Amino acid sequence: LYEEVAILIQDRIRTERWQAGEKLPPEAELATQFDVSRSTVREAVRSLQSAGILRSKGGSGTYVTESAPMILLTRELAGYAEYKQRVKYRLLPFVW
């Protein structure tokens, strides 16, 4: 479940609802928005921190890193390249 929440957070960053340097709402508010427990939000945030997308400032909150948009774009492009490669091999004509 935390992976789904992490995807939702990434989508909000990707669509610039939350921009680089911006502070995220508190855990409790995110838990309400996503209809999950605070521990699920905490786990999602931790996974995004380890990916370099979010960072926590002790006592201040959780922020979108300056590099988050580039990280997400790079992941998106890598996923597209992988997809394109798979489709290419599926569409190769059968040769006798």
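# Reading the labels in a predicted model

Read along the sequence, the chain runs α-α-α-β-β-α. The model is predicted.

Me: How many helices and strands does that pattern hold?
Reply: The chain has 4 helices and 2 strands. Helix α1 covers 2–14 and helix α2 covers 27–34. Helix α3 covers 38–50. Helix α4 spans residues 68–90.

Me: What makes β1 and β2 a pair of strands?
Reply: The count of bridges does. Two strands pair if there are at least two bridges between them. Strand β1 (residues 54–57) and strand β2 (residues 61–64) are joined by 4 bridges. Therefore they count as paired. They run antiparallel.

Me: Which residue in β2 stands opposite L54?
Reply: V64 does.

Me: What do β1 and β2 form, and what lies between them?
Reply: They form a hairpin, with 3 residues between the strands. G59 sits in the turn. Its phi is positive, about 80°.

Me: Which residue other than glycine has a positive phi near 65°?
Reply: E16 does. E16 lies in the loop between α1 and α2.

Me: Why is E16 called exposed?
Reply: Exposed means over 50% relative accessible area. E16 has 56%, so it is exposed.

Me: Where is D35, and what is its phi?
Reply: D35 lies in the loop between α2 and α3. Its phi is positive, about 55°, although D35 is not a glycine.

Me: How do you know whether D35 is buried or exposed?
Reply: Set its value against the cut-off. D35 has a relative accessible area of 71%. That is over 50%, so D35 is exposed.

Me: Why is E4 called exposed?
Reply: E4 has a relative accessible area of 53%. The cut-off is over 50%, so E4 counts as exposed. E4 lies in helix α1.

Me: What separates E4 from V41?
Reply: They are 37 residues apart along the chain. Their C-alpha atoms are separated by 9.9 Å.

Me: What makes D11 and R14 a salt bridge?
Reply: Their side chains meet at 2.6 Å, N to O. The limit is within 4 Å, so the pair qualifies. D11 and R14 are 3 residues apart in helix α1, so about one helical turn separates them.

Me: Why are D11 and R14 called partly exposed?
Reply: Partly exposed lies between the 20% and 50% cut-offs. D11 has 31% relative accessibility, so it fits. R14 has 37%, so R14 fits too.

Me: How do you know that E76 forms a salt bridge with R14?
Reply: The closest N and O atoms of E76 and R14 are 2.9 Å apart. That is within 4 Å, so this is a salt bridge. E76 lies in helix α4 and R14 in helix α1, so the pair ties together parts that are 62 residues apart in sequence. E76 is partly exposed, with a relative accessible area of 43%.

Me: Why does the pair E27 and R38 count as a salt bridge?
Reply: The closest N and O atoms of E27 and R38 are 3.6 Å apart. The limit is within 4 Å, so they count. E27 lies in helix α2 and R38 in helix α3, so the bridge ties together parts that are 11 residues apart in sequence. E27 is partly exposed at 25% relative accessible area. R38 is partly exposed at 46%.

Me: Which residues do salt bridges with shared partners join into one network?
Reply: D11, R14 and E76.

Me: How many salt bridges does the structure hold?
Reply: It holds 4, including D11 with R14.

Me: How do you know that the charge of K57 sits over the ring of Y63?
Reply: The charged end of K57 is 5.0 Å from the centre of the Y63 ring. The distance limit is within 6 Å, so that part of the test is met. The charge must also lie within 35 degrees of the ring normal. K57 is listed as sitting over the ring.

Me: How many aromatic pairs are there?
Reply: A search of the whole structure finds 0.

Me: What share of the chain is buried?
Reply: Buried residues make up 27% of the 96 residues.

Me: What share of the accessible surface belongs to carbon and sulfur atoms?
Reply: They account for 55% of about 6700 Å².

How values were computed. Residues are numbered from 1 along each chain as its sequence is written. This is a predicted model: local features need pLDDT of at least 70, side-chain atom pairs count only at pLDDT 80 or more; totals for chains, interfaces and linings use all residues. Side-chain values use heavy atoms; hydrogens and water are left out. Rings of Phe, Tyr and Trp (its six-membered ring) pair if their centres lie within 6.5 Å; planes under 30 degrees apart count as stacked, over 60 as edge-to-face and the rest as tilted. Buried means under 20% relative accessible area, exposed over 50%, partly exposed in between (1.4 Å probe, protein chains only). Accessible areas come from the Shrake-Rupley method with a 1.4 Å probe; for residues, only the protein chains shown count as cover.
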